[in-house]
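Student: Could you take me through one part of this structure in detail? I'd like to look closely at the aromatic rings and the strands around them.

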Amino acid sequence: KDIGYIYLETEPVDPRDFLSGTYVALKYPISNPETCASIPPNYHDAIYVRLEDKGRKAVTSAGAVPVHEAAGCSVDKPTEGLWARGTLAPDLRGRRLIFGIERYYLNDNDPLKNALSGSVLAKVHPDRNYGLRINGLVRRH
């Protein structure tokens with residue numbers, strides 16, 4: 001079942017590497033969910049994070065939108081609900097889940113090219129295989 005788009009909050013991070021092109025580097029609170037603490041650090045297969053609208057809203061130019069948050073974690077492929085598939089990667093603070101949506105490329109004329117992660121929401125489309133695809137960035141107000 002296609003649920004359409006969801007919004008994910010971002011965390012502050014260095015904005016971009018000028019040698020790699022114009023993009024916004026993104027980090028997400030769902031990448032470090034406390035619910036995944038029991039997964040061994042050497043685990044290398046897919047990890048699934050359950051995403052849930054817990055009632056938090058973010059204000060954008062289009063009005064308030066619901067922000068999805070991590071609500072669970074599993075190494076078993078889910079059979080129902082809204083989940084995102086990620087893998088563990090080393091991080092300066094230990095480990096972090098990577099979902100493949102940590103960079104969003106923009107054209108040189110886009111005013112969001114100078115946006116810092118944390119000041120934008122990622123408008124994301126979950127697919128039926130639990131992957132995530134960014135459709136765009138939305139500035140928080």
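Tutor: Sure. Start with Lys123, which sits over the face of Tyr5, 4.8 Å from the ring centre. Keep in mind that we're looking at a predicted model.

Now for ring against ring. A pair of aromatic rings is described by the distance of the centres and the angle of the planes. Searching the whole structure turns up one aromatic pair, made by Tyr48 and Tyr130. Their centres are 5.7 Å apart and the planes meet at 85°. That makes the pair edge-to-face, because an angle over 60 degrees counts as such. Along the chain the two partners are 82 residues apart, so to speak a link between distant parts: Tyr48 belongs to strand β3 (residues 47-60), while Tyr130 is in the loop between β8 (120-126) and β9 (132-139). Tyr48 and Tyr130 are both buried.

Those strands bring us to the sheet. Seven strands make up an open sheet with mixed pairing, and the order is β6-β5-β3-β4-β1-β8-β9. At the edges are β6 (94-98) and β9, each pairing on one side only. Ignoring direction, neighbouring strands here are turned by 45° against each other on average.

Zoom in on β1 and β8 to finish. Strand β1 (residues 6-9) runs antiparallel to β8, and four bridges join them. For a concrete contact, pick Ile6: its bridge partner in β8 is Val124.

How values were computed. Residues numbered from 1 in each chain as written. Predicted model: local features only at pLDDT ≥ 70, side-chain atom pairs only at ≥ 80, totals over all residues. Heavy atoms only, no water. Phe/Tyr/Trp six-rings, centres within 6.5 Å; stacked < 30°, edge-to-face > 60°. Helix = DSSP H or I, 4+ residues; strand = E, 2+ residues; numbered from the N terminus. Buried < 20%, exposed > 50% of the residue type's maximum accessible area, 1.4 Å probe, protein only. Lys NZ or Arg CZ within 6 Å of the ring centre and 35° of its normal. Pairing = 2+ DSSP bridges. Axes fitted to C-alpha atoms, helices over the stretch in contact; angles between N-to-C directions.
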